[in-house]
Amino acid sequence: MAETHIESILAIDVGAVSTKALLVARIEGAYRFVGRGEAPSTVEPPWLDVIAGVDHALEHLAAVTRRSLLDEHGHLITPERPDGKVVDVGVITVSAAGPLKLVLVGLSPDVSVSSLQHAAASTYTQVADVLTRRGAGSVDGQPIQRLTEEDRVRRIYRARPDVVCIVGGTDDGAEAPVMELVDSVALAASLLGEEHRPHVLFAGNASLRTKVAQLIGAEAELQVADNVRPNVDVESIGSTQAELEAMYQSLKAAALPGYDRLRAWTTLPVLPTSRAMAHVVQYLSLEETRKGVLAVDAGGASTTVAAARAGHVQLHVRSDLGTALSARNVLSLCGLDAITRWLPFETTAGEIEAVVTEKELHPTSVSQDSHELLVEQALARETMRLALASARSSWPAELSGPYPTFLPYLEPIIGSGSALGQAPRPGQAALMMLDALEPIGVTTLVLDTCGLLPALGACALAQP
């Protein structure tokens, strides 16, 4: 469809906690946000069908906009009719699926494996284990003892990952040590059997691709990406990020109940919500050349941090940090004292635990009183602080700023997610962002109250 003929775009975002439907339409020559509908997501029992939540959100949107969106068979009606009913294009973003479980395998923990960790953090992943030729990680900066092939096979077998990522060697560099790791992965894949057999992603020495393909053979499905370290001083993770996002879509998002029916509603790619958000941050950074742009989406199950300067975007997703379904992880990582320091009243560990449990069981519930609200907002502060600290560890020099211990100059700073967008007063959202992010200088805070950030990034696929 020609861009000039797109009069309306329906954006659907299927999250772990809530599902949103937003309508963008051309009004008097300019695209405008027309309305939104929202409903609890229906991925989990008793529904086990993402379409149920989408239908509820669309019913809400249809009531607000007075547009018929679905036909009698439940299919999205396109293109838009002369009477202004239905829509021209549908775009979809997804973050409801569980994270992609990874085992990272490489030669050097502080070179190629470090780059691989940066790539893995750009989408919804969970790193189950990190295996290097010298060992599995380090303690106090000292490498753990060398792993034997049996050790590596046993750890991969125990982790039962969705994907094993292999890196190592610069292009035309080390061969034998890399192939030793590949051999271990092939053996582990053969032992796991058909049901649990992982996919393999090779992003190491490019000259070894043919040998890797021959060794992996029929033991696992192999994907190849550009070397994350083509030479020691250059990090190139874009290709690996793209492959991991594609695997998240094919292995996790596509497995959501009802996904096939939802996917049929659009001819455009379905994007991870985090990537759609990064598109907008990247675009805004091209408009502002002196400062960078930062966006933080504190979701119920995961938290995304996207920072960009002059079009170069850094995307970081923490699938284990969230304000509802992952609130217990936040409490475990930051500790009770980190939560209580934000509270203007005395409380106990039991009261904090009760709020966390309530958000786990009923993530869309509304706070019963001001004390419970302030505890939830304290959890949101620590969620964003932990995610930002993790993201900053991989930021390049251009995003480091003049003062290493502080944020660089950023404008605007965008806050998204229900904890911020649904705060009773904008001032509370502003205080949460200031406390969690601690920006310096003069900046502009932007609050995404309607979940427009990923919707706009997805709409750009249809109409940039």
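Colleague: Which strands form the open sheet, and in what order?

Modeller: In general, strands of a sheet pair through backbone hydrogen bonds, either parallel or antiparallel. Here five strands form an open sheet in the order β6-β5-β9-β10-β11, with parallel pairing, where strands are DSSP runs of E with at least two residues, helices are runs of H or I with at least four, and both are numbered from the N terminus; two strands pair if DSSP finds at least two bridges between them. This is a predicted model, in which local features need pLDDT of at least 70 and side-chain atom pairs count only at pLDDT 80 or more, while totals for chains, interfaces and linings use all residues. Residues are numbered from 1 along each chain as its sequence is written, and side-chain values use heavy atoms, leaving out hydrogens and water.

Colleague: Which are the edge strands?

Modeller: They are β6 (125-132) and β11 (222-224), each of which pairs on one side only. Strand β5 (residues 100-106) runs parallel to β6 and is joined to it by seven bridges, and Leu 104 has Val 130 in β6 as its bridge partner.

Colleague: Which residues have the most contacts inside the largest nonpolar core?

Modeller: In soluble globular proteins, nonpolar side chains tend to be buried together. A nonpolar core is a set of buried Ala, Val, Leu, Ile, Met, Phe, Trp, Tyr and Cys residues joined through side-chain atoms within 4.5 Å, buried being under 20% relative accessible area, exposed over 50% and partly exposed in between (1.4 Å probe, protein chains only). The largest has 38 residues, and Leu 294, Val 305, Trp 395 and Leu 437 have the most contacts inside it. Helix α12 (residues 370-392) gives the most to this core, with eight residues.
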